[in-house]
Amino acid sequence: ASGAGDVEVAFPLFQAGSGGSSPTPALHFEISKIGHRRAASFIEKWHYSERMPTGKNICYALWHGDVIYAVIVYGIGVNPYQAQFLKVNSVLEIKRLARTEPRKDYPLSRFIAITSRLVSKEFHWDCIVAFADPEHGHKGTVYKASGFEFKGVTNAEWHTVDAEGIKRHRRYAFRHARREGIHISESRTRLGLSRIQTAAKYRWVKYA
């Protein structure tokens, strides 16, 4: 895509035109691999978490002309037992998926399907897992449309919320406690955090 200085892979998208089966450009949409900084800037603006995941990530952008419409971030999840639970050797996780507003006439399910093939050239995976968060109105319909299978729900998790009602991940207090050399309960008190239980997430899996 033009203007994408850190692009490493470009992949033009096509759709069938009204005149027959010959492909025509799908409103100038393209997919490309992008760097961490560009992906983080987008995710922090458009994803509900407002946070780019840590770790080694592989990121792709869906471009509409010179503008990024959506970003997907693949990487290794935080659960070390996920592969064992899914009965495979290697698991890749969709750690973030976000798009701009308003919605454009290109399905994110196609974006997911294409990037799941592209990312296999970077990382061998037996399955890709994605989680849909019902607390933010997500059920995972887009994953189902991309060929993922529903594999139940996760356990509910405990996180924290501060005095202003802003939700904080449980690792926030854990990291503070480790830095200060104190118990995590004392860390929550110092930070003014209360524990809350979040809803279970929907688990969607695509096997190789």
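**Exercise 1.** Is Glu149 buried, exposed or partly exposed? Classify Glu149 and then its salt-bridge partner in this predicted model.

*Solution.* Step 1: the relative accessible area of Glu149 is 39%. Step 2: buried requires under 20% and exposed over 50%, so Glu149 is partly exposed. Step 3: the salt-bridge partner of Glu149 is Lys151, with the closest N and O atoms 3.6 Å apart. Step 4: Lys151 has a relative accessible area of 33% and is likewise partly exposed.

**Exercise 2.** Classify each residue of the salt bridge between Arg99 and Glu101.

*Solution.* Step 1: the closest N and O atoms of this pair are 3.4 Å apart. Step 2: Arg99 has 17% relative accessibility and therefore counts as buried. Step 3: Glu101, at 53%, counts as exposed.

**Exercise 3.** Place the salt bridge between Arg190 and Glu180 in the chain and identify its network.

*Solution.* Step 1: the two side chains meet at 4.0 Å, N to O. Step 2: Arg190 lies in helix H6 (residues 184-191) and Glu180 in helix H5 (residues 170-180), ten residues apart. Step 3: through shared partners, salt bridges join Glu180, Glu186 and Arg190 into one network. Step 4: Glu180 itself is partly exposed, at 44% relative accessible area.

**Exercise 4.** Describe the span and burial of helix H3 (residues 108-119).

*Solution.* Step 1: H3 has twelve residues and reaches 16 Å from its first C-alpha to its last, close to the expected 16 Å. Step 2: its buried residues include Leu108, Phe111, Ile112, Leu118 and Val119. Step 3: ten of the twelve residues are buried, so H3 is largely enclosed by the rest of the structure.

Note on methods: Residues numbered from 1 in each chain as written. Predicted model: local features only at pLDDT ≥ 70, side-chain atom pairs only at ≥ 80, totals over all residues. Heavy atoms only, no water. Helix = DSSP H or I, 4+ residues; strand = E, 2+ residues; numbered from the N terminus. Expected span 1.5 Å × (residues − 1). Buried < 20%, exposed > 50% of the residue type's maximum accessible area, 1.4 Å probe, protein only.
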